[in-house]
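Okay, thanks everyone, let me get my slides up. I'll walk you through some strands, some helices and then the place where the chains meet.

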Amino acid sequence: MGTEKQKKAEITGVWGAPLQAMHCAHCGEAHLAPKGESLSQCPLCGQGPVTPQLAFMRKEPPEQIVPYAISEEKLAGILERWTRGIWFRPAELKASTLMKRARRYLIPLWLVDGQVTGAWRADVGFDYQAVSYQDRYREGAGWSSREVTEGRVRWEPRVGRLGRSYENAAAPALDDHRALMGRLGDFDLEQRADYSLEAVAGGVVRVPSLDHETAWPGAHAALVRAAGEECRQAAGADHIRNFTLEAEYDDLNWTMLLLPVYATWYRDEEHTWPVLVNGQNGRVSGVRRASTRKANITSFILGVVGVLMFLLGGLLALMGAVLPPLAVLGGVILVVGLLLAVSAPIPAIGVWMFNRRST
Amino acid sequence: MNDATRPTTLWPPPEGFVPVPSLVEGIELYAPAPEEEEKETRTFKCRHCGGTIAYSAEQRQLTCPYCGGSQAIAAEEVGQRAAEFEFTLETMARAQYGWGEERRELACASCGSVVAVAPDALTSRCAFCGSNRVHARDVTGDLLRPTALLPFVVDQERVQALVADWLGRGWMHPPELRNVRALQELAGVYLPFWTFDAHIVADWKAEVGTERTKQYYEDGEWKTRTIIDWNWRSGRVHLPIDDHLVVGTAHVSRVILSKVVPFELSKLAEYDPGYLAGWQAKVYDVQLQDAWEVAKEEMRGRAKNACHRDTGSSHVRNFRMQADFADERWRHILLPVYLASYPFEGRTFQVMVNGQTGSVAGQKPVAWPKVWLVIAAMLAPGAGLGLLGLLTLALGGIGLIGLVLGFILLVAGLIGSILVFQKARASEEV
């Protein structure tokens, strides 16, 4: 009985879920992976090794999670489309392989509630329309005039005081949050639901690298943004700029939200390439590589065949001095061989350029 | 929390900011106070004796003719910084309504009588008590009210002298004009004007001719001729236009007005009803849109000339251009003139005096016998010498010189006569 209790405590050691902290020696990021499972590659950088290691993080589990809107069937379709149209595609860059390796990958995000009290100043902009003109003159035809209605913004200063509560202002929990969002696109946080153990079962969770203290600048910026938007609404304006807020922030409450992502990878010539898919809108982030090995072999074969044909054609052309019909055949083979030899580098160069653009 | 700071630099609101309604609970809002619109007719009474005061062109302030008291006008000189407006859809719609009907009656606060003023008059003197009432702009926060004006600088006394001097000038007018002293209905009137600004970017394309001379051999000698090489060229001209002036009333003579301009717009003052006290002000009857059409026509003419200059050649054909107007702005201003008339030999002649510069123009009767005499004197030498040359030509070859000289003098006399005639006719024109 006592052994069973001890076992349960071990299993539910992290956020009450069977998770253990893993650390990537290559990128230095920490993840929570299913306990007892060894990660072959880091889901973020695709490299390794990834080894169990303690991670500093809050004990409480996340409060909320944005559910996956992309099912595995949909994911297969998305990856199928993503892998199409690659010349000399690496053997592993196939939807089936990527699907086999795909797993749920959850990214943490802080949500901050708080009371903001202070004074603000901004320029608010009101849209209006003005009339302008474009006149044309042509010799013999005279002038013709066209009225153009232009949209313009009238900016006016406003100041005021503010005492408002804000809920769920999003603040990054990761150092590379902005870069990740740039790759994956935005998430619709309105779709969030309560956290459950099932939500993280079998998935890998990125360990937050920013705690409350270090995440505060991001939270502060989010609260200021929310306040600015409300001040714009208060003024009945269409735009706001130069928003400055001097305020006190009280009753701050931090909660954690997990964002849904799929992580998978493929290998090409000893290098592992990670692929991330936004689990809500299906946007794919990853490098589409072409196989340089395949392209080089193709180029080599084409070159060899071309040279051989060129030599054979030349030989037949020489024999044409004795047997004239051979000269014609030799000439044709010589030209074809020459064309093949000349075009042989095209696959290698094409793939090199494709990879350069993709990386 | 961490770096939370107490409000310091942003509160209280800057001076001149007033609370405005907020659409979000918990957010207070302050905005710059709107300019106060004068809803009431202002009365200009002397602080000392209660007499009706008026703006004095001589003293450049409100003065009391009874006790000599004076009051300064608060409006400052703004020159070309005077407020300008864009051609917003709202403005264009409002411009069609003009001043509104209720401006046609003016109640006198002094005696209680209701004075019917001319529909186009902004100021009036009460016919019953002589009180000055200046009708401040009030209807619907009228955007089309004047934003600036040039105050009168030249006073009526000086106008009399200037007109007398002007009447006495010129040989082609009756000498009795020098004795005209009594100007009828001399009135200082603020005339409405529209000013327009725009930045025109004009792209032109045309065949531009370049002259070159070519030598060729013909009939045993070398000759030269001019050849024009045509090439397609294009260019872009930036033309900023500032304060293009269009008169806002059709009830004054454009001919006479064109002779008393220009006005020095750098002296524009902010509109203040005090400047109108004791003076007439004309409401515009040329609407903003119509005035803008006139200005636009003139502006694009200037743009076209600028493009032609940009070609760098006098030989241009197949010219085409596109003028893009940007930053179009307008303002409504009042400019001071004196309108007067004087009787002479049973007829009435009009005079206009620039209330700022004192420049005088108007109709002047012409002593036509004098003019014909001068024309005859200008034509006579040429005609006489030509006739003499013709006679001597019949007698011998020497007359040819006289004939040619006579012809030249006749042509010169003819040109001079036409100029004199035109000037004489223009003197009587309205």
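Before the sheet, one bit of vocabulary: I say two strands pair if DSSP finds at least two bridges between them. And keep in mind that what you're looking at is a predicted model.

So, with that in hand, go to chain B. There's an open sheet of three strands here, in the order E4-E5-E6, and the pairing is antiparallel. Which strands stand at the edges? Those are E4, residues 54–56, and E6, residues 70–71, of chain B. Each has a single partner strand, so one side of each is left without a neighbour in the sheet. If you zoom in on E4(B) and E5(B), the latter being residues 61–63, you'll find three bridges joining them, running antiparallel. One pair to click on: Ser56(B) has Gln61(B) as its bridge partner in E5(B).

While we're on chain B, some overall numbers. DSSP gives six helices and 19 strands. Of the 430 residues in this chain, 27% are buried. And if you take contacts between residues at least 6 apart in sequence, 70% of them join residues at least 24 apart.

Now swing over to chain A and find E1, residues 19–24. Is this strand mostly covered or mostly open? Mostly covered: five of its six residues are buried. E1(A) pairs with E2(A), residues 30–34, in the antiparallel sense, over five bridges. Within that pairing, Gln20(A) sits opposite Ala33(A). The hairpin has five residues between the strands, and in it Gly28(A) takes a positive phi near 80°. E1(A) also pairs with E3(A), residues 50–52, again antiparallel, through three bridges. There, His23(A) has Thr51(A) as its bridge partner.

Okay, helices. Look at H7(A), residues 292–319, and H8(A), residues 324–343: their axes come within 7 Å and cross at roughly 160°. Anything over 145 degrees counts as roughly antiparallel, so that is how H7(A) lies against H8(A). The crossing of H7(A) and H8(A) is left-handed. What is the contact between H7(A) and H8(A) made of? The residues come out as 20 nonpolar and eight polar, with no charged ones.

One more stop in chain A before the interface: Gly182(A), which is in helix H4(A), residues 177–184. It has 11 C-beta neighbours inside 10 Å, so Gly182(A) counts as exposed. Gly182(A) is 103 residues from Ser285(A) in sequence, and their C-alpha atoms are 9.4 Å apart in space.

Last part, where the chains meet. 41 residues of chain B are in contact with 39 residues of chain A. On the chain B side, the elements giving two or more residues are E2 (30–32), H1 (89–95), H4 (288–311) and E17 (315–344). Which of them gives the largest share? That's E17(B), with 10 residues. By type, the chain B side splits into 23 nonpolar, nine polar and nine charged residues.

E17(B) also brings us back to strand pairing, this time between chains. Five bridges join it to E5(A), residues 103–138, and the two strands run antiparallel. If you want one spot to look at there, Arg138(A) stands opposite Arg320(B) in E17(B).

That's my tour, happy to take questions.

Technical notes. Residues are numbered from 1 along each chain as its sequence is written. Chains are lettered from A and ligands numbered from 1 in the order in which they are written. This is a predicted model: local features need pLDDT of at least 70, side-chain atom pairs count only at pLDDT 80 or more; totals for chains, interfaces and linings use all residues. A residue is buried if 20 or more other C-beta atoms lie within 10 Å of its own, exposed if 12 or fewer, and partly exposed in between; C-beta atoms are placed from the backbone. Helices (H or I, at least four residues) and strands (E, at least two) are DSSP runs, numbered from the N terminus. Axes are lines fitted to C-alpha atoms, for helices over the stretch in contact, and angles run from 0 to 180 degrees between N-to-C directions. Angles under 35 degrees count as roughly parallel, over 145 as roughly antiparallel, 65 to 115 as roughly perpendicular and the rest as oblique. A crossing is left-handed if the near helix is turned anticlockwise from the far one by less than a right angle, and right-handed if clockwise. Ala, Val, Leu, Ile, Met, Phe, Trp, Tyr, Cys and Pro count as nonpolar, Asp, Glu, Lys and Arg as charged, and the others, Gly among them, as polar. Two residues are in contact if their C-beta atoms, placed from the backbone, lie within 7 Å.
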